[in-house]
Amino acid sequence: MSNDILRRLDGVLAERRQADPADSYVAGLHAGGIDRILRKLGEECTETVVASKNGECDAIVSETADLWFHSLVMLSHHGLDSGSVLAELERRFGLSGVAEKAARGK
Ligand SMILES: N=c1c2ncn([C@@H]3O[C@H](COP(=O)(O)OP(=O)(O)OP(=O)(O)O)[C@@H](O)[C@H]3O)c2ncn1[C@@H]1O[C@H](COP(=O)(O)O)[C@@H](O)[C@H]1O
């Protein structure tokens with residue numbers, strides 16, 4: 001996924017917070033509050049795990065897209081967007097997970 005589609009989605013998701021739930025799936029999620037958003041996020045996580053366990057490549061891609069999408073909705077609920085997460089990944093880039101863990105004394 002390119003950063004461009006993430007940025008475009010961020011913009012749409014921010015707009016949809018004020019939209020009518022009758023016209024917008026995202027607005028419907030926000031209308032249900034954080035509990036509804038987190039329930040969907042958990043479902044999509046489980047569905048991604050099942051797809052991976054089954055080794056179904058089309059389903060893995062589709063479910064991972066659902067998982068990423070609902071993660072973006074969750075970020076939007078908190079007034080965040082993909083930019084913060086991408087910046088964190090950028091900050092971590094090249095930093096070995098083993099070295100990072102050792103630096104925390106583990
Ligand atoms: N990328 C997505 C996207 N990915 C998945 N989904 C929806 O996420 C839901 C996934 O839930 P499930 O797979 O469990 O399917 P379901 O059984 O129909 O879901 P529920 O009835 O349980 O909610 C489906 O309703 C999908 O349509 C998405 N809905 C919207 N977007 C993007 O968000 C934008 C705004 O959407 P609206 O708010 O609907 O205008 C769209 O233009 C798209 O760019």
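**Figure 1. The buried residues of helix H4 in this predicted model.** Welcome to the first close-up, which picks out Glu63, Leu67, His70, Leu72, Val73 and Ser76, the buried residues of H4. An α-helix has 3.6 residues a turn, so residues three or four places apart point the same way. You may like to keep that spacing in mind while following the side chains along the helix.

**Figure 2. The length of H4 and the residue that follows.** How far apart are the end C-alpha atoms of H4? They are 30 Å apart, and this agrees with expectation because 21 residues at 1.5 Å a residue should span 30 Å. Just after H4 comes Gly79, whose phi is positive, at about 75°.

**Figure 3. The shell around the ligand.** Here we gather the residues that surround the ligand: Leu9, Val12, Arg16, Ser24, Tyr25, Val26, Ala27, Glu43, Asp66 and Phe69. Three helices each give two or more residues to this shell, namely H1 (3–16), H2 (25–31) and H4 (57–77). Which classes of residue make up the shell? Six are nonpolar, one is polar and three are charged.

**Figure 4. Leu38 in helix H3.** Now for a single residue: Leu38 belongs to H3, the helix that covers residues 33–54. Is Leu38 buried or partly exposed? Its C-beta has 14 C-beta neighbours inside 10 Å, and so Leu38 counts as partly exposed, since a buried residue would need 20 or more and an exposed one would have 12 or fewer. For a distance across the model, pair Leu38 with Glu100: the two lie 62 residues apart along the chain, and their C-alpha atoms are separated by 29 Å.

**Figure 5. The whole protein, as a setting for the close-ups.** To place the views above, this last panel steps back to the full chain. The protein has six helices and zero strands, and from the N terminus on its elements run α-α-α-α-α-α. Its C-alpha trace spans about 50 × 35 × 25 Å along the principal axes. Of its 106 residues, 14% count as buried. Taking contacts between residues at least 6 apart in sequence, 46% join residues at least 24 apart. As for the predictor's confidence, the mean pLDDT of the protein is 95, with 97% of the residues reaching 70 or more. For the complex, the predictor gives an ipTM of 0.93 and a pTM of 0.93.

Methods. Residues numbered from 1 in each chain as written. Predicted model: local features only at pLDDT ≥ 70, side-chain atom pairs only at ≥ 80, totals over all residues. Near = placed C-beta within 6 Å. Helix = DSSP H or I, 4+ residues; strand = E, 2+ residues; numbered from the N terminus. Nonpolar A, V, L, I, M, F, W, Y, C, P; charged D, E, K, R; others polar. Expected span 1.5 Å × (residues − 1). pLDDT = per-residue confidence, 0-100. Contact = placed C-beta atoms within 7 Å.
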